[in-house]
Amino acid sequence: MNTLEKRLLNDFQRDLSPSPTPFADMAEELGVTEEDVIGVLRTLTERGVVSRVGPVFRPQRCGASCLVAMTVPETRLEAVAELVSAFPEVNHNYEREHRFNLWFVITADTEDHLQALLQHIEWQTGLATLSLPMQAEYHIDLGFPLQWD
Amino acid sequence: MNTVIDATDRRIIAATQEGLPLTPRPYAMIAAQLGLDAGDVMDRMQRMLDSGAIRRIGAVPNHYALGFKGNGMSVWDVPDDTIKEAGQTIGALDFVSHCYHRPRHLPTWPYNLFAMVHGRDRAEVDEKVHHIAAILGANNRGHEVLFSTRILKKTGLRIAG
């Protein structure tokens, strides 16, 4: 990874404020051209090093959201994970090494809709869900310091 | 602070949640797609930033692709009357990307504080978890680290437009 790529990744996780020409603004700060910035961001996105360039929304301010855990028998894990992931309201789904081995986040427009989805998942799988809604947030995700070797 | 998201805001969220177009005037392009004025789109996004509905706007690194493969969810049982202080201390650590208070479900789930710990590998995450344990001291009544073994679905927040 070259220096411009590193700087774009590390310094611009939070600084793309709404501006008519945000990439030109970044370029000016870095002393490069707008084409350089856009080109590098395109390359990084194509390589998968950057998931996307844009806003990170905070789920609970945009509807109801809940972290959910399930204990799924190993033999059924793939099928249950597939069923859960098929809901468009599910935006993260991880297998974790624990008795609770399936962890996902559900985001819905209302709390009622969220509860209905959880009930639906329980009926379809015959398995219990553990609801872990956020009660307080102690860290506002402003990006992640990347330490290069 | 005004945190109300209206129908137009939701259309903007739907149009930008997969990322901004990498063109010189991305907000103008989004505005054109939605039949809105570019200034209105930028004002609304700024308002969502100010209210906290948008955490940040920028490059979203894929930590996994960057070699931070030791994503460990550490979970802690801390006394309720100390959770705020503990959460603020742990949340301020630079290797913690998310720190939340969530409910216990006794007896199956005794943990009320969640901290996502990032490192290059498990050993590095374990080391950082020990560091958290040392900070919490006697307020750590029990903890575990849950490592992810597979990502089964990962998308940004999805809202239908």
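## Exercises on the chain A and chain B interface

In this predicted model, 19 residue pairs make polar contacts across the interface of chain B and chain A, both partners being at pLDDT 80 or more.

**Exercise 1.** Find which elements of chain B give two or more residues to the side that touches chain A, and which gives the most.

*Solution.* Start with the helices: α1 (7-16), α2 (26-34), α3 (38-51) and α4 (83-91) of chain B are among these elements. Next come the strands, including β1 (54-61), β3 (96-101), β4 (113-117) and β5 (143-154). β5(B) gives the most, with ten residues. Finally, sort that side of chain B by class: 38 residues are nonpolar, 25 polar and 15 charged.

**Exercise 2.** Work out how many residues each chain brings to the contact, and what area is buried.

*Solution.* Chain B supplies 78 residues and chain A supplies 75 residues. Between them the two chains bury about 7,200 Å², with 58% of it on carbon and sulfur atoms.

**Exercise 3.** Count the salt bridges between the chains, then look at one of them.

*Solution.* The count is two. One of them joins the side chains of Glu97(A) and Arg122(B), at 3.1 Å from N to O. That distance passes the test for a salt bridge, because the cut-off is within 4 Å.

**Exercise 4.** Describe how strand β1 of chain A pairs with β1(B).

*Solution.* Take residues 50-57 of chain A, which form its strand β1. This strand and β1(B) run antiparallel and pair over seven bridges. To place the pairing on the structure, find Gly54(A), which stands opposite Gly58(B) in β1(B).

How values were computed
Residues numbered from 1 in each chain as written. Chains lettered and ligands numbered in written order. Predicted model: local features only at pLDDT ≥ 70, side-chain atom pairs only at ≥ 80, totals over all residues. Heavy atoms only, no water. Contact = heavy atoms within 4.5 Å. Buried area = accessible area lost by both parts, 1.4 Å probe. Polar contact = N/O pair within 3.5 Å; in protein donor to acceptor, adjacent residues only side chain to side chain. Helix = DSSP H or I, 4+ residues; strand = E, 2+ residues; numbered from the N terminus. Nonpolar A, V, L, I, M, F, W, Y, C, P; charged D, E, K, R; others polar. Pairing = 2+ DSSP bridges.
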